[in-house]
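Me: Could you take a close look at one part of this structure with me, and then walk me from there to some other places worth finding? I'm in my first year, so please go step by step.

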Amino acid sequence: MKTLRQLALFGFMPGLFEGKDSTMQHSHRVLFGTTVLLALCLMGFEGRAEALSVTSLDFTSGAVNWDGRHGRTLDRLFAQDGNISIGSYQSMSEIVDPITRGHKTISLFTSGLNGALAPSVSINGASISVDLSSLYVGWTNGSEVRAWNIGGMATGVINPQTSEFSLSWNHLFNERFANGKHGMMHDRSATFFLQGTADVAQAPVALSASYVFYATGLALMGGLWWRKSRGALAGY
C-alpha cells in the first residue's frame, strides 16, 4: 500500500496520461517520480548493506572446570586478561601472558596443527558462537615443545548494544591412569568459560541481486513512460 501511495503521489497512475495537453507535464512527473523512488529504494537498502564483523574477542575473566593434569595452570591462564584474534592464528604469548614454572613456559596459542581453521564468529541476535577448534595450550622447555588441543565450538550470549559476551565450551581429554603398559585410558570432559567484550565493526557487504533488479526495473519503467510521453507529444 505504501508503494502504491508513492506511485500515485509522483504521477504514475494511468489516469495521468489522459489528455494530450498535459503530456509534457506528465513526462516531467514520470522522470521526477522515478528518480525519487529509485533514491528511496536505495536508501532503504543502505541499512541492509552492512553486516556485523568481529575482529577479536577481548576477555577479562575466564575459568576451567577440570581436575585433570595442568588443570590449575589452565585455570590461571584463563583468569588473565587476554585477546583472541578472529580470522588469524596467534603464537605463544599473544593470547595471554605466559606462566613460567622453573624452566618451563606455559601459554595459549592457536594453530592449524589439527587441520582446524583460525577462530571464527557467528552472531545471531543475542546469540554468539565461536569456533575455537584451533585453540591449544603448550609449554616450552629449552628446545622442547609440547602442545595439547583444548578447543571446541563455544556458544553463549552477547549484548548487541555493549558487545559484552559470555561463552562456554566442552573439550574431551584422553588421559592415562596408573603407570606402565597396563595403564588405562579414560575420557574426561573439561568445561571452559570466557567473558569479555567483542570488537565489533560494521562491514559493507554486496547488495542482494533482488535489490539490483528492483532498482533496474524502476529505471526501465521510467524510460518506457518517457518514450510514451514523447510519442504522445509528437502526435499532438
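Reply: Happy to! Let's begin at Ser 134, which is buried, because its relative accessible area is 0% and a residue counts as buried under 20%. Keep in mind as you look that this is a predicted model. To find Ser 134, go to the loop that runs between strand S6 (127-131) and strand S7 (135-141). Now look at the side chain of Ser 134: one of its polar atoms lies 3.3 Å from the backbone oxygen of Leu 117. That distance falls within the 3.5 Å cut-off for a polar contact between N or O atoms. So our starting point is a loop residue with a relative accessible area of 0% and a side-chain partner in the backbone of Leu 117.

A similar kind of contact can be found at Thr 110. This residue belongs to strand S4, which covers residues 104-110. The side chain of Thr 110 reaches the backbone nitrogen of Gln 90 at a distance of 2.6 Å. Thr 110 is buried too, because its relative accessibility is 4%. While you are on strand S4, find Leu 108, which also has its place there. Leu 108 has a relative accessible area of 1%, so it counts as buried. Its C-alpha atom is 7.6 Å from that of Pro 98, and the two residues are 10 apart along the chain.

Next, let's look at pairs with a longer stretch of sequence between them. Val 137 is separated from His 70 by 67 residues along the chain, yet their C-alpha atoms are 9.8 Å apart. His 70 is found in the loop between S1 and H3. With a relative accessible area of 33%, His 70 is partly exposed, since that label covers values between 20% and 50%. Step along to Gly 71 and you are in helix H3. Here the label changes: Gly 71 is buried, because its relative accessibility is 5%. Gly 71 also has a partner far along the sequence, Ala 190, which is 119 residues away while the C-alpha atoms are separated by 9.0 Å. One more pair of this kind is Ala 198 with Thr 162, 36 residues apart in sequence and 8.7 Å apart in space, C-alpha to C-alpha. Ala 198 sits in strand S11, residues 184-204, and counts as buried because its relative accessible area is 6%.

Now go back to the loop before helix H3, this time for Arg 69, which lies between strand S1 (50-65) and helix H3 (71-78). Arg 69 is exposed, because its relative accessible area is 58% and the cut-off for that label is over 50%. Together with Arg 76, Arg 101 and Lys 104, Arg 69 forms a positive surface patch.

Charges can also meet in pairs. Side chains of opposite charge can pair when their charged atoms come close. The structure holds 1 salt bridge, and you will find one where the side chains of Glu 144 and Arg 146 meet, at 3.3 Å from N to O. Glu 144 is partly exposed, because its relative accessibility is 34%. Arg 146 has 44% relative accessibility, so it is partly exposed as well.

Finally, let's turn to the backbone at two serines. Ser 93 has a positive phi of about 85°, although it is not a glycine. You can find Ser 93 in the loop between strand S2 (82-85) and strand S3 (99-101). Because its relative accessibility is 43%, Ser 93 counts as partly exposed. Ser 163 has a positive phi too, near 65°, and again the residue is not a glycine. Its place is in the loop between strand S9 (153-158) and strand S10 (164-177). In contrast to Ser 93, Ser 163 counts as buried, because its relative accessibility is 15%.

If you want to retrace the walk, return to Ser 134, buried at 0%, and follow its side chain to the backbone oxygen of Leu 117. From there, move to Thr 110 and its contact with Gln 90, and then on to the positive patch that includes Arg 69.

Methods: Residues are numbered from 1 along each chain as its sequence is written. This is a predicted model: local features need pLDDT of at least 70, side-chain atom pairs count only at pLDDT 80 or more; totals for chains, interfaces and linings use all residues. Side-chain values use heavy atoms; hydrogens and water are left out. Patches are made of residues with over 30% relative accessible area and no salt bridge: like charges are joined within 9 Å, nonpolar side chains (Val, Leu, Ile, Met, Phe, Trp, Tyr) within 5 Å. Accessible areas come from the Shrake-Rupley method with a 1.4 Å probe; for residues, only the protein chains shown count as cover. A salt bridge is a side-chain nitrogen of Lys or Arg within 4 Å of a carboxyl oxygen of Asp or Glu. Lys and Arg count as positive and Asp and Glu as negative; His and the chain ends are not counted. The place of a charge is taken as NZ of Lys, CZ of Arg, CG of Asp or CD of Glu. Helices (H or I, at least four residues) and strands (E, at least two) are DSSP runs, numbered from the N terminus. Buried means under 20% relative accessible area, exposed over 50%, partly exposed in between (1.4 Å probe, protein chains only). A polar contact is a pair of N or O atoms within 3.5 Å; within protein, one must be able to donate a hydrogen and the other to accept it, and residues adjacent in sequence count only if both atoms are side-chain atoms.
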